[in-house]
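Reader: Mind walking me through this one? I'd like to start with a single residue and work outwards.

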Amino acid sequence: MRPMIGLTVNEMSRNDNPGIFLGKDYTDGIYAAGGMPVVLPFTTNQEEIKEWADRLDGLLLSGGEDIAPALYGEEPRQGLGEISPVRDEFEAKLLINMIERNKPVFAICRGIQILNAVMGGTLFQDLPREWPSSLQHSQKAPRDHFAHVVKISKGTKLNQILGADDLQTNTFHHQAVKQIAPGLAPCAHSRDGLIEAIEDPLRTFVIGVQWHPENLWRSSERHFRLFTAFVEAAKSAQKK
Ligand SMILES: [Mn+2]
């Protein structure tokens with residue numbers, strides 16, 4: 001059986017109907033890599049969250065809203081965007097349950113941010129105000145267009161998966177990892193010194209990236225490797 005991969009979603013309303021949204025590049029990427037994607041509706045019920053964690057073989061934390069600064073012990077500053085309290089609570093609880101079970105977690109954009117916050121790190125709430133850089137981290141180009149390069153640190157799991165020291169990426173973020181959480185290690189940086197990827201060196205697959213590989217896997221074999229390595233790790237977790 002294909003490993004079951006849960007994907008988190010955005011809060012979105014349509015015609016006054018509260019709903020959820022996820023770009024199909026995420027689910028198509030999981031299918032293409034050999035996994036079974038399952039979209040996860042929000043719940044804050046501990047029993048339901050535990051059951052999701054028991055059933056899932058891997059968790060993909062998708063991109064989206066800003067993270068509530070309360071998650072890392074700060075108050076909102078000017079520049080903070082829209083937040084989703086129900087999503088923060090659901091993702092934080094589910095993430096902790098997945099890590100307790102030593103199951104693979106692949107965290108993209110907002111995902112790397114919530115991963116770092118939940119594990120005890122902090123975030124830049126708004127890069128233009130808090131990390132003045134000449135490098136543009138919110139590209140205006142199409143989603144699959146390469147914007148800035150990241151330098152991958154040697155000897156990291158990310159380096160091993162990608163087989164590259166430099167990687168072209170797209171970039172759509174105004175928040176980012178500030179103080180990295182204890183137990184996590186930075187594994188990629190942009191030229192301006194910003195942390196663009198983090199990993200747990202002691203776990204099979206707990207990796208966060210600040211860029212959007214889901215928009216790049218069709219055109220770039222290297223970015224597709226992130227999806228296949230994640231699904232492979234979920235397959236191994238399934239066997240145990
Ligand atoms: Mn960036």
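**From one residue to the whole chain**

Reader: Which residues does F230 touch, not counting those up to four places away in sequence?
Author: Bear in mind that this is a predicted model, where local features need pLDDT of at least 70, side-chain atom pairs count only at pLDDT 80 or more, and totals for chains, interfaces and linings use all residues. Numbering starts from 1 along each chain as its sequence is written. Two residues are in contact if their C-beta atoms, placed from the backbone, lie within 7 Å. On that basis, F230 touches G58, P104, F106 and F205.

Reader: And which helix gives the largest share of the largest nonpolar core?
Author: A nonpolar core is a set of buried Ala, Val, Leu, Ile, Met, Phe, Trp, Tyr and Cys residues joined through C-beta atoms within 7 Å; buried takes 20 or more other C-beta atoms within 10 Å of a residue's own, exposed 12 or fewer, partly exposed is in between, and C-beta atoms are placed from the backbone. The largest core has 66 residues, and F230 is among those touching the most other members, along with L60, L61, L95, V105 and L115. Seven of the core's residues, its largest share, come from residues 221–239, which is helix 7.

Reader: Are the buried residues of helix 2 on the same side or on opposite sides?
Author: Helices (H or I, at least four residues) and strands (E, at least two) are DSSP runs numbered from the N terminus. In helix 2 (residues 46–55), I49, W52 and A53 are buried. Their arc, taken from the directions from the helix axis to the C-beta atoms, is only 95 degrees, so they sit on the same side.

Reader: Which exposed residues are on the face turned away?
Author: The buried residues of helix 2 have cover that includes strand 1 (4–7) and helix 3 (85–100). The face turned away from that buried side carries the exposed E47, D54 and R55.

Reader: Why does T169 count as buried?
Author: T169 is part of strand 9 (residues 166–169). Beyond four places in sequence, its contacts are F146, A147, H148, V150 and W211. T169 counts as buried because its C-beta neighbours inside 10 Å number 22.

Reader: Zooming out, what radius of gyration does the protein chain have?
Author: The radius is taken over C-alpha atoms, and the globule rule is 2.2 Å times the number of residues to the power 0.38. For 240 residues, a compact globule would come out near 18 Å, and the protein chain agrees with 17 Å.
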